[in-house]
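This report looks at charged contacts, aromatic contacts and strand pairing in one structure. Please view the sequence and the fold first.

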Amino acid sequence: MAAVVVLLAAFVVTGFVTPGFLLPSRDGSGTAVDGGAPVTSPSEPPSESAPPPSGNVTIPTTRTPEPHRATPLPDPSTCSFPADPNGPAAKQATRPTDGPQPASGTVGVTLRTTAGDIVLSLDRALAPCTVASFVSLAQQGFYTGTKCHRLGVTDLQMLQCGDPAGDGTGGPGYTVPDEFFPGLAYGRGLIALANTGQPGSGGSQFFMMFGTTPIPPTYTVFGSISDAGLAVLDKVARGGIASAGNAGDGTGPPRIPVTFSSVAVG
């Protein structure tokens, strides 16, 4: 009986662990959250099973409607980008200037990758501070040479990128304010900023969703992915996961490498 009680207790502890979009920071102070960044995303128990075989992936074809704010933000909106309290950047970046940023219009971005080009449309009306940070990093060449380190193909269908460390712990040395709002829905065709589960903890990491993404509305959506870009993501997804990652949620590095050769704005 004692052994049974111990086993049941272990199941209760491990069976409801919520994996995270970012791994803990190098100094151990980070909080693990889910996939592209949820603090409470799919609460799937850690699994030791092999990753899904190549091609054995079910991907929805219907796009998730792009979100809209019921009440528009002030235009311009005031943004601030404080230093990251978790330590020095994995790759040095110049942070955007604190102050007003436009909160209307879109910005086109082309991610040129080893798996194919992924074109994004960033929406300033959704997240002016996040868009300002992403554009600044892109123009600095911050993303060039970095790889997408985390792919999910089952419950959490997304590709996470933007980490100069390549292991889920890196960032630009500053943080981006939260710009999510109640009622956000995530899914195919959207791009969102990863975070550690703590308020205002976004940085350079982002996740592109090609399928179902059952996560709470605590990740800033800041744009959408073109049809051709989704075709690239679908190809990477069907390639499967190379090995189980450290998040314990069935995600891991993609078998088809995705490395940014350049990121063009406009």
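## Salt bridges

Across the whole structure, a search finds 4 salt bridges. The model is a predicted one. The table lists three of the bridges, with the N to O distance and the relative accessible area of each partner.

| Salt bridge | N to O distance | Acid, relative accessible area | Arginine, relative accessible area |
|---|---|---|---|
| Asp-227 and Arg-63 | 2.9 Å | Asp-227, 59% | Arg-63, 32% |
| Asp-98 and Arg-95 | 3.1 Å | Asp-98, 39% | Arg-95, 41% |
| Asp-234 and Arg-188 | 2.9 Å | Asp-234, 9% | Arg-188, 9% |

Take Asp-227 and Arg-63, whose closest N and O atoms are 2.9 Å apart. This pair links distant parts of the chain, 164 residues apart. Asp-227 belongs to helix α3 (residues 227-239). Arg-63 sits in the loop between α1 (2-15) and β1 (77-79). Asp-227 is exposed because its relative accessible area of 59% is over the 50% limit. Arg-63 counts as partly exposed at 32%.

Helix α3 also holds Asp-234, the partner of Arg-188. Arg-188 lies in the loop between β6 (158-161) and β7. The two residues are 46 apart in sequence, and the bridge again links distant parts of the chain. Are these partners buried or exposed? Arg-188 is buried, at 9% relative accessibility. Asp-234 is buried too, also at 9%. Each value is under 20%, so both partners fall in the buried class.

Asp-98 and Arg-95 meet through their side chains at 3.1 Å, N to O. Asp-98 is partly exposed at 39%. Arg-95 is partly exposed at 41%.

## Aromatic contacts

The whole structure contains 10 aromatic pairs. One of them joins Phe-134 and Tyr-143 in a tilted arrangement, with ring centres 5.1 Å apart and 35° between the planes. Both of these residues are buried. Phe-134 also forms a tilted pair with Phe-222, at 5.5 Å centre to centre and 50° between the planes.

What does the pair of Phe-134 and Phe-222 tie together? Phe-134 lies in helix α2 (residues 128-140) and Phe-222 in strand β9, so the contact ties together parts 88 residues apart in sequence. Phe-134 is buried, at 3% relative accessible area. Phe-222 is buried at 0%.

These rings belong to a cluster. Ring pairs link Phe-134, Phe-142, Tyr-143, Phe-206, Phe-222 and Phe-260. Phe-142 has a charged neighbour as well: the charged end of Lys-91 sits over the Phe-142 ring, 5.5 Å from its centre.

## Strand β7 and its partners

Strand β7 spans residues 190-193. Which of its faces are covered? Both are. Leu-190 and Ala-192 are buried on one side, and Ile-191 and Leu-193 are buried on the other.

Strand β7 pairs with strand β9 (residues 221-225) in the antiparallel sense, over 3 bridges. Here Leu-190 stands opposite Ser-224. Strand β7 also pairs with strand β8 (residues 206-209), antiparallel and over 3 bridges. In β8, Met-208 is the bridge partner of Ile-191.

Strand β9 thus brings two topics together. It pairs with β7, and it carries Phe-222, the ring that meets Phe-134 of helix α2.

Conventions: Residues are numbered from 1 along each chain as its sequence is written. This is a predicted model: local features need pLDDT of at least 70, side-chain atom pairs count only at pLDDT 80 or more; totals for chains, interfaces and linings use all residues. Side-chain values use heavy atoms; hydrogens and water are left out. Buried means under 20% relative accessible area, exposed over 50%, partly exposed in between (1.4 Å probe, protein chains only). Helices (H or I, at least four residues) and strands (E, at least two) are DSSP runs, numbered from the N terminus. Two strands pair if DSSP finds at least two bridges between them. Rings of Phe, Tyr and Trp (its six-membered ring) pair if their centres lie within 6.5 Å; planes under 30 degrees apart count as stacked, over 60 as edge-to-face and the rest as tilted. A charge sits over a ring if NZ of Lys or CZ of Arg is within 6 Å of the ring centre and within 35 degrees of the ring normal.
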